[in-house]
Amino acid sequence: MIKLIVGNWKLYIKSLEEGKKLLKAIDKKMPRGVKTTVVVCPPVALAAALRREYKGKRIAFGTQDTFWETDGAFTGQVSATHLASAGISYVLVGHSERRALGDTDEMVAKKAVSALSAKLHPIICVGETERDQDGKFFSTIEKSVKASLSRIEPKDAGKFTVAYEPVWAIGKTEAASPRVAAEAILYIRKTIADMWGREKAMKVRIIYGASVDAENAALFKEEKSIHGLLPGRASTDAEEFTNIIRAFS
Ligand code: PEP
């Protein structure tokens with residue numbers, strides 16, 4: 001399975017000029033000859049403009065959210081077909097910072113399937129907000145995976161990615177340990193296998209996100225069940241982001 005590294009720029013990049021500078025620096029510093037797919041997800045207005053200007057081939061573009069409808073009276077929304085027509089190929093759905101603003105698993109499921117219909121590759125984010133001694137967080141993850149994937153057909157197993165993002169580790173100084181991440185990822189795969197069977201479940205790429213940096217990327221690489229990384233803050237520093245790519249590839 002081809003590895004995937006996705007940089008979520010969140011709202012950290014303040015202008016198109018800043019975005020251009022960052023993209024240029026990433027492109028220049030990117031290691032040559034790696035097979036890993038590299039995606040950057042700038043804020044939507046910047047993503048469209050940067051995509052239009054980018055002449056390279058090594059970086060793909062995503063955005064941080066989409067809406068599930070494609071037509072009608074929905075002021076302010078951006079549909080998956082808009083994104084696709086602007087040359088965007090990936091989209092995060094269900095990021096915990098969107099869920100904190102009201103996105104439910106049902107909304108995430110509708111966004112994911114709408115992205116697939118527009119031929120985008122959705123990256124569906126799931127993860128528990130906190131851990132407990134009794135392991136109840138596993139059932140939180142299971143419920144969220146089942147509901148967020150509920151509208152996707154098993155035949156599309158290879159066309160999307162699940163990002164395991166433990167909310168308690170996002171934006172912190174320390175990531176979840178590779179063992180903790182790998183254990184949750186195995187559980188997510190088992191959950192998908194319960195839904196669709198093992199063969200289909202093995203086709204789903206599952207990546208880890210939350211406080212990824214160049215140092216821990218090398219440790220995550222050792223866990224073969226982790227097929228990619230989703231750094232946030234670290235992806236807005238070209239040196240750190242390209243070192244993550246180097247370390248994980
Ligand atoms: C994220 O929110 O997707 C994320 C991984 O953020 P950070 O790397 O900054 O923890």
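This passage describes the ligand site of a predicted model and then several individual residues in their structural settings.

In the predicted model, the ligand is surrounded by 13 residues, and the closest of these are K10, H95, E165, G171 and G232. By residue class, the shell around the ligand comprises four nonpolar, five polar and four charged residues. The space that the ligand takes up is the second largest pocket. Polar contacts to oxygen atoms of the ligand come from side chains as well as from the backbone: an N or O atom in the side chain of H95 is 2.7 Å from a ligand oxygen, a polar side-chain atom of E165 lies 2.8 Å from an oxygen atom of the ligand, and at G232 it is a backbone N or O atom that lies 2.8 Å from a ligand oxygen. Of the 290 Å² of accessible area that the ligand has on its own, the protein covers 98%.

K10, one of the residues closest to the ligand, is placed in the loop that connects β1 (4–8) with α1 (16–29). The backbone of K10 adopts a positive phi of about 45 degrees, although the residue is not a glycine. Most residues other than glycine have a negative phi. With a relative accessible area of 13%, K10 is classed as buried, because this value falls under 20%. A second residue with a positive phi that is not a glycine is A210, for which the angle is about 130 degrees. A210 is likewise found in a loop, in this case the one between β7 (205–209) and α9 (214–221), and A210 is buried as well, with a relative accessible area of 4%.

Two residues located in strands are also buried. T63 belongs to strand β3, which spans residues 59–63, and has a relative accessible area of 1%, so that T63 counts as buried. The side chain of T63 reaches the backbone oxygen of D65 at a distance of 3.3 Å. A163 is part of strand β6, formed by residues 161–164, and its relative accessible area is 0%, which places A163 among buried residues. A163 and A49 are 114 residues apart along the chain, and their C-alpha atoms are separated by 26 Å.

Two alanines in helices present another setting. A147 lies in helix α6, which covers residues 137–148, and at 25% relative accessibility A147 counts as partly exposed, because the value lies between the limits of 20% and 50%. Although A147 and A109 are 38 residues apart in sequence, the distance between them in space, from C-alpha to C-alpha, is 6.8 Å. A247 is found in helix α10, made up of residues 238–248, and is partly exposed, with a relative accessible area of 21%. The C-alpha atom of A247 is separated by 8.8 Å from that of N216, a residue 31 positions away along the chain.

Terms used. Residues are numbered from 1 along each chain as its sequence is written. This is a predicted model: local features need pLDDT of at least 70, side-chain atom pairs count only at pLDDT 80 or more; totals for chains, interfaces and linings use all residues. Side-chain values use heavy atoms; hydrogens and water are left out. A residue is near a molecule or strand if one of its heavy atoms lies within 4 Å of it. A polar contact is a pair of N or O atoms within 3.5 Å; within protein, one must be able to donate a hydrogen and the other to accept it, and residues adjacent in sequence count only if both atoms are side-chain atoms. Accessible areas come from the Shrake-Rupley method with a 1.4 Å probe; for residues, only the protein chains shown count as cover. On a 1 Å grid over the protein atoms alone, a cavity is a set of points where a 1.4 Å probe fits but cannot get out, and a pocket is an open set with protein on both sides within 12 Å along at least five of seven lines; lining residues have an atom within 4 Å of a point. A molecule sits in a cavity or pocket if more than half of its atoms lie within 2 Å of its grid points. Ala, Val, Leu, Ile, Met, Phe, Trp, Tyr, Cys and Pro count as nonpolar, Asp, Glu, Lys and Arg as charged, and the others, Gly among them, as polar. Helices (H or I, at least four residues) and strands (E, at least two) are DSSP runs, numbered from the N terminus. Buried means under 20% relative accessible area, exposed over 50%, partly exposed in between (1.4 Å probe, protein chains only).
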